[in-house]
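Let's take a walk through this model, one helix at a time and then inside and out. Have the structure open and turn it as you read.

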Amino acid sequence: MLKPNVLEKLNQQINAELYSAYLYYSMAGYFESINLKGFANWMTIQAQEELTHVARFFDYINDRSARVNMRAVDAPSNDWASPRAAIEDVYKHECAISEKINECVTLALQEHDHSTNGFLQWFVTEQVEEEAAADAIVQSLKLIGDNTSGLFMLDVELAKRVFVPPPAAAA
Ligand code: FEO
C-alpha cells in the first residue's frame, strides 16, 4: 500500500511528465515553424517518450491499488530566440526533472517504501541519458555557431531519430 505522501509525490510526477511532453510538442511546433524538420522530429520523439514515462507512473500507482489524480498542466512557452536557446531549455528542464525524481527517491527511502524506490530506479538511470542527450546537442550547437551548413547537417542527423518504446512500457 502506498502512503498518502508518497502517492501525492507520484501524482505530482505524472503532472511533471505530462508537462514535459507538452513542452516538447511545443518545441516541435517551434522547429517546424522555422523549417528545421530534423529538430522537430527529435522533439516529437522526445514528447512521445515522455508519454511513456507518464504511463509508467500511471501503471505503478494502479498496480499498488492507489488512485491516479490528474491536475492542470501548465502552459509551456511557444517561442524561443534560437534553436540553441530551445535546446538549452531542454537541458535545463531535464536537470529539473532529475531533481524531482531524486526528491521522489528521497521520500520513498524516508518512508521505507522499497517497492517505490525500486520502481524509481529506472527513472534515475533514464535521467542520466536524458541530460546527456540534450547536452550533446547543446555542445554541437556551440561548435556550429552561426554556420548555416553546420545547422543543416545537424538537422539531417536529428531527423534520423526514431521512437523506440522502452521495453516495460511497450508491453
Ligand atoms: Fe520524463 Fe525527460 O523526463
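Keep in mind that this is a predicted model. A good place to begin is helix H3, which has 28 residues. At 1.5 Å a residue, H3 should span 40 Å, and its end C-alpha atoms sit 41 Å apart, so the expected and actual lengths agree. Just past the end of H3 you'll run into His112, which takes a positive phi of about 55°.

Now look inside. The largest nonpolar core holds 23 residues, and the members that touch the most others are Phe31, Phe39, Met43, Ile87 and Ile137. Which elements give two or more residues to this core? They are H1 (4-33), H2 (37-63), H3 (83-110), H4 (114-144) and H5 (148-158). H1 supplies the largest share, with six residues.

Click on Phe31 to see how those contacts play out. Leaving aside residues up to four places away in sequence, Phe31 touches Leu36, Phe39, Ala40, Met43, Pro83, Ala86 and Ile87. Apart from this core there is another one, made of 21 residues, including Leu2, Ile61, Ala66 and Phe119.

Finally, swing round to the outside. Is Phe152, which sits in helix H5, buried or exposed? Its relative accessible area is 56%, and the cut-off for exposed is over 50%, so Phe152 counts as exposed. Phe152 has company there: together with Met153 and Val156 it forms a nonpolar surface patch, and the three share about 340 Å² of accessible area. As background, an α-helix has 3.6 residues a turn, so residues three or four places apart point the same way.

Methods
Residues are numbered from 1 along each chain as its sequence is written. This is a predicted model: local features need pLDDT of at least 70, side-chain atom pairs count only at pLDDT 80 or more; totals for chains, interfaces and linings use all residues. Side-chain values use heavy atoms; hydrogens and water are left out. A nonpolar core is a set of buried Ala, Val, Leu, Ile, Met, Phe, Trp, Tyr and Cys residues joined through side-chain atoms within 4.5 Å. Buried means under 20% relative accessible area, exposed over 50%, partly exposed in between (1.4 Å probe, protein chains only). Helices (H or I, at least four residues) and strands (E, at least two) are DSSP runs, numbered from the N terminus. Contact means heavy atoms within 4.5 Å. The expected span of a helix is 1.5 Å times one less than its number of residues. Patches are made of residues with over 30% relative accessible area and no salt bridge: like charges are joined within 9 Å, nonpolar side chains (Val, Leu, Ile, Met, Phe, Trp, Tyr) within 5 Å. Accessible areas come from the Shrake-Rupley method with a 1.4 Å probe; for residues, only the protein chains shown count as cover. A salt bridge is a side-chain nitrogen of Lys or Arg within 4 Å of a carboxyl oxygen of Asp or Glu.
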